[in-house]
Amino acid sequence: MTAQPRPLSRQRWLIPVLVVVISMTVAVGLLARDLYTRPEAEPSEPVVSESPTSVAPEQQPGSPVVEVTPDVFAHPQYQSVRQVLQGYFDSINDRDYPKWTSVVTRERAKTKTAAEWRKDYQSTRDGSILVYRIEPSTPTMLRVLVAFTSTQDVEDAPLYLPEGCIRWRLVLPLRLESGSWRVDTTDGGTNPEHERC
C-alpha cells in the first residue's frame, strides 16, 4: 500500500505561514537584542577630592554630589557607602521623607514621623559633601567620617548654633540591614564638629 500524496492546497498555505512565523521570530529577536545591548546611561564618574571644594558665600552650600577622598575611593565598600549617602543627602535636599526612610535603618526611621522630619528639614540644603574615611566597627557596622555644609533659615538652625550656614564634620554609623547599608542612629556620645561658614 502506497502513501497517499498530501493535497496540494495544504502545502500552499503552510509555506506562507512558516514565512510569517520565521519573520516574526527574527523581528522579535532583533528587537530583544537591541533592547538588551542598548547602552545604559553612563554612571557618573566618582568625584575624588582631598578636601571640600571652596565655595563662594552666595553659592553655599555647594554641590549636592557626594565626593570622596582617594582613600575612600580605594575602600571595598566605597560604592555602597557613596550610594547610600547620596540617597540620604538627596532625600533631605528634595524633602523626600519616603526616600529618607529607604536609606536609614528601621530604628532610625522610627525616631521621626513624616511631619516632624519635614519640619526639621523644611529649609535645609546640604552640599559640599566629602567622605573622608570608612572604618568597619563590626561585620555589620561601618563608621563613616563625612563633612558637609548645610544652609537653612536661622530659626531652623540648631539652638546651639543659630546660623544660616554651618560646616559639619561628623561620624555617621552605617548598619547592614536587609542586605544593604543604611544610615543608623547616632549614639549620644558622638558630638559633631560644627562651625559657621
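This passage describes the strand pairing, the disulfide, the largest pocket, the aromatic pairs and the unusual backbone geometry of a predicted model.

The strands are considered in chain order. Strand S1 (67-68) pairs with strand S2 (residues 125-138) in the parallel sense, over two bridges, and within this pairing Val-68 has Val-131 in S2 as its bridge partner. From S2 the chain passes into strand S3 (141-151) by way of a hairpin with two residues as its connection, and the two strands run antiparallel, joined by ten bridges. One of the positions along S2 and S3 is marked by Arg-133, whose bridge partner in S3 is Leu-145.

S3 in turn pairs with strand S4 (residues 165-177), in the antiparallel sense and over eleven bridges, with Arg-143 standing opposite Pro-173 in S4. S4 also takes part in two further pairings, each of them antiparallel and each built on four bridges, with strand S5 (residues 180-183) and with S6. The pairing of S4 with S5 is a hairpin that leaves two residues between the strands, and Ser-178 in its turn has a positive phi of about 55°; in the same hairpin pairing, Leu-176 stands opposite Trp-181 in S5. In the pairing of S4 with S6, Trp-168 has His-194 in S6 as its bridge partner.

S4 is also tied to a later part of the chain by a covalent link. The model contains one disulfide, which joins Cys-165 to Cys-197 with an S to S distance of 2.0 Å. The link is left-handed, with -75° about the S-S bond, and it connects distant parts of the chain, given that Cys-165 belongs to S4 and Cys-197 to the segment after strand S6 (193-196), at a separation of 32 residues. The two ends of the disulfide fall into separate accessibility classes: Cys-165 has a relative accessible area of 14% and is therefore buried, the cut-off being 20%, whereas Cys-197, at 33%, counts as partly exposed.

The largest pocket encloses about 790 Å³ of space. Its lining is made up of 27 residues, and those nearest the centre are Tyr-88, Arg-108, Tyr-121, Tyr-160 and Trp-168. Helix H3, helix H6 (114-120), S3 and S4 each contribute at least two residues to this lining, and the largest share, four residues, is supplied by S4. When the lining residues are sorted by class, 15 are nonpolar, seven are polar and five are charged. Trp-168 thus appears both in the strand pairing, as the bridge partner of His-194, and among the residues nearest the centre of the largest pocket.

Two of these residues also belong to the aromatic contacts of the model, in which eight aromatic pairs are counted. The rings of Tyr-88 and Phe-89 have their centres 5.4 Å apart and their planes at 85°, and because this angle is over 60 degrees the pair is edge-to-face. Both Tyr-88 and Phe-89 are buried. Ring pairs further link Tyr-88 and Phe-89 with Phe-148 and Trp-168 into a cluster, and of its members Tyr-88 and Trp-168 are also among the residues that lie nearest the centre of the largest pocket.

Several positions show backbone geometry that merits separate mention. The peptide bond from Gln-60 to Pro-61 is cis, with omega near 10°, and Pro-61 is placed in the loop between helix H1 (8-37) and S1. Positive phi values also occur in residues other than glycine. Arg-95, in the loop between helix H3 (78-93) and helix H4 (97-103), has phi near 55°, and with a relative accessible area of 28% Arg-95 is partly exposed. Ser-128 likewise has a positive phi, of about 50°, but Ser-128 is found within strand S2 and, at 11% relative accessibility, counts as buried.

Terms used:
Residues numbered from 1 in each chain as written. Predicted model: local features only at pLDDT ≥ 70, side-chain atom pairs only at ≥ 80, totals over all residues. Heavy atoms only, no water. Disulfide = S-S within 2.5 Å. Buried < 20%, exposed > 50% of the residue type's maximum accessible area, 1.4 Å probe, protein only. 1 Å grid on protein atoms, 1.4 Å probe; cavity = no way out; pocket = protein on both sides within 12 Å on 5 of 7 lines; lining within 4 Å. Points joined across faces, edges and corners; volume = space filled by probe spheres on them. Nonpolar A, V, L, I, M, F, W, Y, C, P; charged D, E, K, R; others polar. Pairing = 2+ DSSP bridges. Phe/Tyr/Trp six-rings, centres within 6.5 Å; stacked < 30°, edge-to-face > 60°.
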